[in-house]
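Thanks for coming, everyone. I'll walk you through one structure today, piece by piece. Have a look at it first.

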Amino acid sequence: MTEPAPGRRFLRWVGGGALTIALVGLTAGYITLLRAPAAGTCHDDGIYLVTAKALAEGRGYRIISIPSEPPQTKYPILLPWVLSLVWRIYPSFPDNLVWLRFVPLIAMLTWLCLSWLLLRRLGASGSETAVITLLTAASPWIAFLSTTLMAETLFAAFLAGGLLMITRVHHGDGTRADAFLAGAL
């Protein structure tokens, strides 16, 4: 195996250093956002929070923050249900808020990993995929959605998984189960 030319070694070193700096900066930014004390700043995250608490306490999928505690009929149950699992482990609010925020953060990381695989499967180079993934993670809107109790990153993870399964079937290396899994996702 031959050594790369000095110029290419330097570019790899600079690129690796820039990647490291970007990842450290993103990690610091996300840690700061996860520790923010606010919850319920948007209507949606407040509803997700209240219904997660109701599910964790065994009161059903209800809006327990208003009189008569009506059933929740507007929002899907998946995110509140996952949040309720965390709530059962860490039941003390607002101390559990940072743990609850890990749910959309983990969903975002899953989404980015599945998107990485999807982009590579569709023919993007490693450097193109890295840039797209880093720019997505660095987006202020993605950072906001990944650190608040919103369902968008969970939806994006399921969507990326479904698209990955569809491409497997389309390229001929998937099975019938992949097609059904894509539909389920």
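Let's start with Trp81. At 41% relative accessibility, this residue counts as partly exposed, because the band for that label runs between 20% and 50%. Keep in mind that this is a predicted model. Where does Trp81 sit? It is found in helix α3.

Trp81 also belongs to a nonpolar surface patch. Its partners there are Ile77, Leu78, Leu85, Phe158, Leu181 and Leu185. Together they make about 570 Å². Which helix gives the most to that patch? Helix α3, residues 78–89, does, with 3 residues.

Now step back to the whole protein. How many helices and strands are there? The count is 9 helices and 0 strands. Read along the sequence, the pattern is α-α-α-α-α-α-α-α-α.

What about overall dimensions? The C-alpha atoms fill a box of roughly 75 × 45 × 25 Å along the principal axes. The radius of gyration is 20 Å, whereas a compact globule of 185 residues would have one near 16 Å. Of the 185 residues, 35% count as buried. The accessible surface comes to about 11,200 Å². Carbon and sulfur atoms hold 70% of that surface.

One more number on the fold. Take the contacts with a separation of 6 or more. Residues 24 or more positions apart account for 61% of them.

Next, a residue on the inside. Thr51 is in helix α2, residues 43–56. Is Thr51 buried or exposed? Thr51 is buried, with a relative accessible area of 0%. What does it touch, apart from neighbours within four places in sequence? Thr51 is in contact with Tyr61, Arg62, Ile63, Gln72 and Pro80.

On to the aromatic rings. A pair of aromatic rings is described by the distance of the centres and the angle of the planes. This structure holds 5 aromatic pairs. Take Tyr48 and Tyr75. Their ring centres are 5.4 Å apart and their planes stand at 65°, so the pair is edge-to-face. The cut-off for that label is over 60 degrees.

Where do these two sit? Tyr48 lies in helix α2, and Tyr75 is in the loop between α2 and α3. The pair therefore ties together parts that are 27 residues apart in sequence. Both Tyr48 and Tyr75 are buried.

Compare that with Trp87 and Phe93. Here the centres are 5.8 Å apart and the planes are at 5°, so the pair is stacked. The cut-off for stacking is under 30 degrees. The two residues carry separate labels for burial. Trp87 counts as buried, at 5% relative accessibility. Phe93 is partly exposed, with a relative accessible area of 40%. There is also an aromatic cluster, formed by Tyr90, Trp99 and Phe102.

Last topic: charges. Side chains of opposite charge can pair when their charged atoms come close. How many salt bridges does the structure hold? It holds 5.

Look at Asp178 first. Asp178 forms a salt bridge with Arg168, and the closest N and O atoms are 3.6 Å apart. This pair links distant parts of the chain. Asp178 is in helix α9, residues 176–184, and Arg168 is in helix α8, residues 152–170. The two are 10 residues apart. How exposed are they? Asp178 counts as buried, at 8% relative accessibility. Arg168 counts as partly exposed, at 28%.

Then there is a network. Salt bridges that share partners join Lys53, Glu57, Arg59 and Glu69. Glu57 pairs with Lys53, with the closest N and O atoms 3.7 Å apart. Glu57 also meets Arg59 in a salt bridge, at 2.7 Å from N to O. Glu57 is partly exposed, at 40% relative accessibility. Lys53 is partly exposed as well, at 31%. Arg59 has a relative accessible area of 34%, and that is partly exposed too.

To close, three places to find again on your screens. Find Trp81 in helix α3. Find Thr51 in helix α2. Then find Asp178 and Arg168, the salt bridge between helix α9 and helix α8. That's my tour. Over to you.

Terms used: Residues numbered from 1 in each chain as written. Predicted model: local features only at pLDDT ≥ 70, side-chain atom pairs only at ≥ 80, totals over all residues. Heavy atoms only, no water. Helix = DSSP H or I, 4+ residues; strand = E, 2+ residues; numbered from the N terminus. Buried < 20%, exposed > 50% of the residue type's maximum accessible area, 1.4 Å probe, protein only. Contact = heavy atoms within 4.5 Å. Patch = residues over 30% accessible without salt bridge, like charges linked within 9 Å, V, L, I, M, F, W, Y side chains within 5 Å. Areas by Shrake-Rupley, 256 points an atom, 1.4 Å probe, with all protein chains shown as cover. Salt bridge = Lys/Arg side-chain N within 4 Å of Asp/Glu carboxyl O. Phe/Tyr/Trp six-rings, centres within 6.5 Å; stacked < 30°, edge-to-face > 60°. Rg over C-alpha atoms; globule rule 2.2 N^0.38 Å.
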